[in-house]
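Notebook open, model loaded. I want to go through the chains, their contacts and a few odd backbone angles.

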Amino acid sequence: MLKQDIKKPKNIFRSPKMRSDNLKAWFGSHEALNEISLSIPTFHVTAIIGPSGCGKSTFIRCLNRMHEVVPGTRIQGNVYLDEVDIYGSSINPVNLRKRVGMVFQKPNPFPTMSIRDNVLAGLRLQGMKTYDSDEVVEKALVRAALWDEVKDILKRPGLSLSGGQQQRLCIARALALEPEVLLMDEPCSALDPIASAKIEELIHELRGKYTVVIVTHNMQQAARVSDVTAFFYMGKLVEFDYTEKIFTNPKYKKTEEYVTGRFG
Amino acid sequence: MLSTRKIKSFERDIEEITEALTQMGGMVEKSILTAILSLNTRNTRLAKEVIRYDQDIDQKEIDIDRLCINYIALQQPKASDLRFVTAVMKINNELERMGDYAESIARQTLFLAKKPAWRELVNIPRMAEIATSMVRECLDAFLKRDVKLAYEVIARDEEADKMQSKIYKNLLNDMLTDKENIERASSLLLVSSKLERIADQSTNICEEVIYLVTGKIVRHREKVHALSSPSDS
Amino acid sequence: MIFKKKFIKESTSENAFKAICFVAILLPILLIIVLIGDALIDGWSRLNLDFLLGLPSRKAEIAGLLPALMGSFYLMLLTAAIAIPLGLGAAIYLEEYASESFLTSLIEINISNLAGVPSIIYGLLGLEIFVRMSHMGRSLLAGACTLALLLLPMVIMVSRESLRVVPKSLREACFALGADRFQTIWKVVLPMSFPGALTGIILSMARAIGETAPLITIGALTYVAFLPDSIHSAFTAMPIQIFNWISRPQKDFHINAAAGIIVLLLVMLILNALAIWLRARLQRKVYW
């Protein structure tokens with residue numbers, strides 16, 4: 001886990017899962033992102049850190065076109081998934097979001113559905129007939145490290161779970177769709193430390209199977225869970241490097257100030 | 001189930017660091033033994049090997065240091081994890097110094113090899129044995145978090161000290177009997193003082209182990225002790 | 001104890017305010033009790049099954065409420081069938097689809113204003129549009145359309161309110177799972193907001209059942225000795241029947257009117273109770 005292969009020539013950025021190229025975004029007239037070019041390494045955990053309003057959430061929303069849900073958002077530039085432009089005319093955002101799943105800040109299981117139905121919600125919304133749904137439910141819940149806690153209460157409402165369990169349920173719901181990339185927008189900010197630790201542990205488990213991008217304003221969390229870290233400031237990408245580099249010897253003064261807490 | 005996995009993720013780092021430090025200890029031990037062997041057998045090839053090998057030890061020290069720094073930066077260890085990583089950094093440092101001593105013993109071999117052969121060494125190899133066994137045992141105490149063993153090793157330092165003064169007396173005798181011996185004897189004196197330092201540093205490592213396990217700081221105690229009761233020594 | 005005394009001492013102005021508020025709630029309650037009591041005293045003697053199931057008659061003692069009761073019932077059914085899809089649809093459009101433009105804000109202002117328009121105006125509108133222009137005649141359908149028109153602003157407003165209750169985070173969750181807007185509304189937003197919307201709609205229906213003016217304007221009959229057999233047939237409704245009876249000179253018919261009022265109030269009460277029950281029941285399915 002302590003990435004000793006830093007000095008080795010193996011470059012995890014060489015064939016990125018996703019890549020943004022001069023990405024700009026605006027909310028109305030406010031420029032939220034300014035020319036972000038970032039490569040997200042395949043099967044690794046990428047953390048995006050930065051102060052509030054630095055554009056980190058906007059950025060990951062641009063990765064599965066979730067920003068389009070908010071009226072008045074515009075973008076310019078390109079985002080590639082496996083080197084295919086996701087803003088191309090042939091790409092359907094609905095299909096894209098199936099491949100690039102998302103987990104939100106606040107756990108948001110569907111209140112009208114049971115735990116089981118929550119896991120299956122994505123598949124059902126996609127109109128897929130799930131004949132082996134029991135299998136799908138178990139697999140997703142196991143991957144989300146929730147199965148042991150809920151296997152006997154699958155019929156219970158999703159909201160009857162604790163906050164941390166709800167968040168893992170949301171992760172299971174996203175994983176049930178077999179995404180290639182999992183975007184997490186501050187997934188622990190509404191959780192207590194123990195629940196956060198479980199989510200972090202889960203992110204460790206997901207490494208190697210999924211490409212994970214996590215936005216967090218908890219620097220320690222970014223340090224603990226990620227392989228590479230991007231530091232955003234005022235809509236710009238200040239520094240992007242291996243996590244241990246960012247947290248032990250960052251290249252830029254702004255990053256140093258932020259990770260040491262001397263911001264201002 | 002999750003809680004056990006949680007420990008794993010932390011322990012993966014701790015295990016990695018522990019393994020690296022164990023390797024480091026093995027390297028240093030090997031280096032000391034080889035240096036003494038080269039001295040004993042007047043084998044310059046072995047001595048050169050030891051000198052070259054010190055670079056590997058230095059590199060290992062840097063690696064472990066980086067592992068520890070990354071661990072602190074990324075995992076923000078607390079309590080026993082924090083004591084662990086600070087202890088490792090100090091032990092790492094002590095081991096690297098021991099490596100340097102082994103190198104300097106090897107250099108004495110090179111020096112003595114140019115001189116005509118002298119008498120057989122008896123006490124120095126015995127002292128080297130004591131010193132290396134202390135190194136081995138202090139690392140053992142670290143790996144097993146064995147406070148009792150750590151105290152035992154600290155106690156054995158006296159043995160090393162006695163041996164050192166015995167060697168010193170013998171060599172002084174040699175020097176007094178024949179001026180010709182001075183060069184060679186002072187060289188061996190140097191070797192024995194290096195061995196004494198190695199034993200000393202093993203006790204330092206043991207003190208770190210005691211701190212790691214109990215959180216108690218036992219360093220410099222004897223000094224305080226010695227100051228308060230001068231009649232003791 | 002000291003604390004408590006001090007608290008009471010200092011809050012004389014608060015006590016006064018409390019008293020005023022209490023009077024404010026007491027007055028309407030008293031009024032309702034007087035109203036119901038008066039109607040009960042007057043109409044109790046006529047309140048029996050014959051009255052409920054009888055047809056109107058020139059003789060007060062045997063005149064019944066059945067055609068009016070059934071008329072009101074069918075009217076409500078039809079009104080609901082028209083107003084709910086339209087109102088819910090409009091609410092969904094405004095809440096979920098419409099972008100914030102000058103036009104939508106204009107529509108919004110108009111809807112809230114329409115809710116305050118006197119019902120007689122709707123009656124006149126219904127008379128012109130449904131009875132005359134659409135050739136529906138003075139039929140049940142025309143009456144239902146008119147009442148639906150009257151209800152629409154209210155239905156739209158309560159539906160929008162209940163749609164707004166569904167948190168943005170749930171919509172996002174749905175979109176993030178690859179759902180489109182239609183699926184999001186259909187599978188997530190509506191199931192959650194429906195109980196709220198439904199109770200609001202039932203409550204506004206309860207109000208509509210008592211509406212008289214628009215029905216009179218479009219020309220609902222006052223004397224119907226038969227039950228409506230299709231949506232095109234002529235009809236009467238409870239408030240009209242009551243109005244008719246009360247405007248007769250004979251004292252006996254006034255008793256009938258009082259009994260009719262009791263029935264009307266009962267129906268409204270039942271509808272309100274239904275709304276409360278439905279909300280409780282349906283919201284149990286929505287786990288908050």
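Before I place anything in a loop, I note that helices (H or I, at least four residues) and strands (E, at least two) are DSSP runs, numbered from the N terminus. I also keep in mind that this is a predicted model.

**Entry 1: confidence**

I looked up the scores for the whole complex and found an ipTM of 0.84 with a pTM of 0.74. For chain A the mean pLDDT is 86, with 95% of its residues at 70 or more. Chain C has a mean of 82, and there 93% of the residues reach 70 or more. One stretch I flagged is residues 1–9 of chain A, where pLDDT stays under 50. The model still has 13 contacts beyond four places in sequence for that stretch. I'm leaving those alone, since predicted coordinates should not be read in detail where pLDDT is low.

**Entry 2: chain A overall**

I found 10 helices and 10 strands in chain A. I checked its radius of gyration next: chain A has 18 Å, which agrees with the value near 18 Å for a compact globule of 264 residues. Its C-alpha trace spans about 55 × 40 × 35 Å along the principal axes. Of its 264 residues, 53% count as buried. Among contacts in chain A with a separation of 6 or more, 69% are between residues 24 or more positions apart.

**Entry 3: two positive phi values in chain A**

What is phi doing at A:Asn22? It is near 50 degrees, so I noted a positive value in a residue other than glycine. A:Asn22 sits in strand β1 (residues 16–27) of chain A. Buried or exposed, then, for A:Asn22? It counts as exposed, because it has 12 C-beta neighbours inside 10 Å and the cut-off for exposed is 12 or fewer.

A:Ala145 is not a glycine either, yet has a positive phi of about 55 degrees. I located A:Ala145 in the loop between α4 and α5 of chain A. A:Ala145 has 21 C-beta neighbours inside 10 Å and therefore counts as buried.

**Entry 4: helix α3 of chain A**

I went to helix α3 (residues 115–125) of chain A and found it mostly covered, with nine of its 11 residues buried. Among the buried ones are A:Ile115, A:Arg116, A:Asn118 and A:Leu125. What do the buried residues of α3(A) pack against? Within chain A I get α4 (133–143), α5 (147–150) and α6 (163–175), and from chain C there are α8 and α9. After α3(A) comes A:Gly127, with a positive phi near 75 degrees.

**Entry 5: who touches whom**

Two pairs of chains touch, and the one with the most contacts is A and C. Here 21 residues of chain C are in contact with 24 residues of chain A. On the chain C side, the elements giving two or more residues are α8 (168–176) and α9 (181–208). The largest share of that side, seven residues, comes from α8(C). By class, I read 13 nonpolar, four polar and four charged residues on that side of chain C. Chains B and C are another matter: no contact joins them, and their closest C-alpha atoms lie 26 Å apart.

**Entry 6: chain C domains**

The domain assignment splits chain C into domain 1 (2–46) and domain 2 (50–285). Their centres, taken over C-alpha atoms, are 32 Å apart. Seven residues of domain 1 and nine residues of domain 2 make the contact. The domain 1 side has three nonpolar, two polar and two charged residues.

**Entry 7: chain B**

I counted seven helices and zero strands in chain B. Of its 233 residues, 39% count as buried. For contacts in chain B with a separation of 6 or more, residues 24 or more positions apart account for 80%.

**Entry 8: the core**

Last lookup: the largest nonpolar core, which has 213 residues. Those with the most contacts inside it are A:Ala172, A:Val213, B:Ile32, B:Val88, B:Ala131 and B:Cys138. The largest share of this core, 16 residues, comes from helix α7 (residues 140–165) of chain C. I followed B:Val88 a bit further: leaving out residues up to four places away in sequence, B:Val88 touches B:Ile17, B:Leu21, B:Ile64 and B:Cys68.

Notes
Residues numbered from 1 in each chain as written. Chains lettered and ligands numbered in written order. Predicted model: local features only at pLDDT ≥ 70, side-chain atom pairs only at ≥ 80, totals over all residues. Core = buried A, V, L, I, M, F, W, Y, C linked by C-beta atoms within 7 Å. Buried ≥ 20, exposed ≤ 12 C-beta atoms within 10 Å, placed from the backbone. Nonpolar A, V, L, I, M, F, W, Y, C, P; charged D, E, K, R; others polar. Domains from an automatic or database assignment. pLDDT = per-residue confidence, 0-100. Rg over C-alpha atoms; globule rule 2.2 N^0.38 Å.
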